[in-house]
Amino acid sequence: MTAATSGHTPDIAVAAPPLGSWRAVRAFLRNPAAVLATLFLIMVAVTAVAAPLIYPEDPLSMVARPFLWPGQNPTFPLGSDSLGRDVAAGLVWGARISLLIGIAAMALGVTIGIVVGATAGYFGGWIDDALVRLIEIFQTTPSFLMLVVLVAIAEPRVESITVAIALVTWPTIARLVRAEFRSLREKDFVTAARGLGYGHARIIFIEILPNALPPIIVTSSVIVASAILMESALSFMGLGDPNRISWGSMIGAGREMLRTAWYLTFIPGIAIVLTVLALNLIGDALNDALNPRLSSEP
Amino acid sequence: MFENRRLLRVLRRTVVQAVPTVLGIVVLNFLLLKLAPGDAADVMAGEFGTATEETMAMLRRQFGLDLPLLQQLLAYLGNLVQFSLGFSPRYGMPVSELIGQRLPSTLMLMGLALAIAVVVGIALGTTMAMTAGRWTDRVLSVVSLLFYSVPGFWIGLMLIVLFSVKLGWLPSGGQETIGAGLTGLDAVADRLKHMILPATSLALFYVAIYGRLTRAAVLEVASQDYVRTAAAKGLAPLTVTLRHVLRNALLPVTTLAGIHFGGILGGAVVVETVYSWPGLGRLAFESVMRRDFNVLLGVLLLSSFLVIIANTLIDLLHAWLDPRIEVR
């Protein structure tokens with residue numbers, strides 16, 4: 001969670017292979033764990049998209065006898081909670097929220113991070129100083145605390161949670177992009193582009209950015225993972241969207257019955273762990289595939 | 001002599017850089033909280049149920065909530081200069097006193113968690129690096145990635161199920177056995193028992209981070225010439241690893257321990273909720289819910305301060321460990 005923000009991406013500038021190369025894809029596909037993780041994520045995504053078809057009924061509605069243990073009744077394979085809600089339906093609908101918030105927050109956070117980081121790294125000087133200070137302010141405040149404050153004062157809803165997670169994650173990307181841009185802006189191809197009279201925007205987005213992409217892509221997959229962790233922690237604390245079921249809120253509700261019905265806490269937790277683990281495995285594999293010199297093999 | 005002067009220079013630079021950051025944090029947090037809909041008077045009125053317009057206005061006047069924004073900000077900054085964090089209308093006591101009550105238990109929890117994370121993480125990472133590429137390494141890598149993926153609050157709840165509900169070995173929450181009236185060593189042991197589960201839940205994520213970092217750092221250092229020399233002169237592999245490799249590999253790990261201080265503080269909000277631990281994180285959460293912004297501002301400011309102090313200590317440690325480090 002919070003905590004979850006600080007990624008474990010190595011802090012290095014890489015001479016990356018061109019993105020279009022098949023070598024990276026082949027390297028990725030040779031990693032069995034990564035392939036398995038990708039398949040699992042595709043399955044989760046398909047379930048999430050198809051939730052209204054699989055469980056057309058509102059997952060918050062009462063459909064069964066309360067406290068059915070998993071396996072007790074074949075109609076409700078994962079059991080039911082204290083209000084007789086189907087746990088399996090909650091899991092499927094919860095996947096929607098987790099993936100939606102995870103991906104949307106990542107997209108927003110990465111966009112802000114790229115814009116700020118690229119501006120700071122490319123222009124340098126006082127712009128850089130000011131933006132680095134801003135990044136520092138954000139990184140000095142414990143991010144989960146910040147997240148709780150942001151969500152609590154802006155009314156917990158899917159949109160506000162997404163924006164809040166993006167606001168606490170962008171500094172990670174901004175630092176990374178800034179470092180990349182600082183090392184790339186002195187390269188010959190940038191000087192050449194300047195010599196040709198290209199505008200700043202064109203040099204930043206079309207000339208430099210593609211070369212800085214590999215580490216950004218790796219970090220992005222880790223950020224989706226940590227965004228999902230943050231969302232689940234928020235809804236566990238009761239700061240989730242009250243009208244949507246999510247894995248975190250299921251755990252929060254199950255907590256009251258921890259002593260008697262621990263499966264209510266256990267099952268949604270496993271869903272979170274597997275999804276986040278899959279994303280992290282993919283992040284690792286991408287890192288190995290895109291930075292061959294830093295492969296985890298000695 | 002020269003050594004001390006260099007360390008002082010590092011210290012001065014850090015402090016000078018920290019001042020604008022702290023000021024920025026105060027102003028930003030202040031404006032953020034003031035932009036929020038609702039204030040302490042609203043929440044209190046809602047709880048009492050029968051508040052008239054007059055009592056609301058009186059409450060606001062009493063807390064200074066009716067003044068213009070800029071005036072409130074200046075008043076707050078004026079208080080800060082006198083080392084006062086203001087007054088909490090909800091708890092009816094100065095914010096600094098309130099925080100002072102909660103801070104020690106959070107610091108203890110964080111300290112233990114960080115210690116577990118660093119010790120276990122380094123051991124894990126060294127083992128992985130020494131067996132790099134073999135099955136031990138592969139299994140431990142997956143385990144550490146698993147630790148990295150587990151939500152702290154969930155593992156906290158699962159630990160409660162296992163160790164308090166099923167096995168009955170450890171308490172499921174709180175800071176001490178209430179009413180037991182323990183003294184001396186018994187009291188310390190009781191405290192520790194209450195700390196094990198929350199500290200472990202908090203540490204797991206960082207165990208994974210330090211494990212992975214140590215593994216990478218050890219592998220990198222292990223390829224250096226002086227390590228080959230040490231091995232060539234016949235030192236035992238374990239001696240080489242501990243004396244020559246690990247020592248140099250620890251620098252990147254310590255850097256991150258400072259940065260993670262803030263992360264652990266954030267994680268404490270959730271873990272303290274799970275274990276009803278009377279700490280700073282819980283206080284922050286309660287004050288958000290009650291719109292008690294003086295307390296919240298105090299907690300935010302203090303946590304930023306702690307992070308800055310942790311980073312400064314790390315900078316100093318580095319400057320001391322590595323004489324080449326002067327100015328970043």
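The following legends accompany close-up views of a predicted model containing chain A and chain B.

**View 1. The contact between chain A and chain B in the predicted model.** Chain A contributes 47 residues to this contact, and chain B contributes 58 residues. The two chains bury about 4,600 Å² between them, with 75% of that area lying on carbon and sulfur atoms. On the side of chain A, the three residues A:L145, A:I153 and A:M237 together supply 14% of the area that chain A buries against chain B, which is more than any other three residues give.

**View 2. The salt bridge between B:R212 and A:D284.** The side chains of these two residues, B:R212 and A:D284, meet with an N to O distance of 2.7 Å, and the count of salt bridges between chain A and chain B is one. Six residue pairs are in polar contact between chain A and chain B, counting pairs in which both residues have pLDDT 80 or more.

**View 3. Helices of chain A on the side that touches chain B.** The elements of chain A that give two or more residues to this side are helix 5 (125–140), helix 6 (143–153), helix 9 (200–236) and helix 11 (263–290). Helix 11 of chain A gives the most, with 11 residues. Sorted by class, the side of chain A that touches chain B comprises 30 nonpolar, 11 polar and six charged residues.

**View 4. The second largest pocket and the residues that line it.** This pocket encloses about 620 Å³ of space, and its lining is made up of 21 residues, among which B:V22, B:L80, B:F83, B:L301 and B:F305 lie nearest the centre of the pocket. Two or more lining residues come from each of helix 1 (2–35), helix 4 (69–81) and helix 12 (293–321) of chain B. By class, the lining of the second largest pocket has 16 nonpolar and five polar residues, and no charged residues.

**View 5. The salt bridge between B:E286 and B:R102 within chain B.** The closest N and O atoms of B:E286 and B:R102 are 3.6 Å apart. Because B:E286 lies in helix 11 (residues 280–289) of chain B and B:R102 lies in helix 5 (residues 95–130) of chain B, the pair ties together parts that are 184 residues apart in sequence. Over all chains, a search of the whole structure finds 10 salt bridges.

Notes
Residues numbered from 1 in each chain as written. Chains lettered and ligands numbered in written order. Predicted model: local features only at pLDDT ≥ 70, side-chain atom pairs only at ≥ 80, totals over all residues. Heavy atoms only, no water. Contact = heavy atoms within 4.5 Å. Buried area = accessible area lost by both parts, 1.4 Å probe. Salt bridge = Lys/Arg side-chain N within 4 Å of Asp/Glu carboxyl O. Polar contact = N/O pair within 3.5 Å; in protein donor to acceptor, adjacent residues only side chain to side chain. Helix = DSSP H or I, 4+ residues; strand = E, 2+ residues; numbered from the N terminus. Nonpolar A, V, L, I, M, F, W, Y, C, P; charged D, E, K, R; others polar. 1 Å grid on protein atoms, 1.4 Å probe; cavity = no way out; pocket = protein on both sides within 12 Å on 5 of 7 lines; lining within 4 Å. Points joined across faces, edges and corners; volume = space filled by probe spheres on them.
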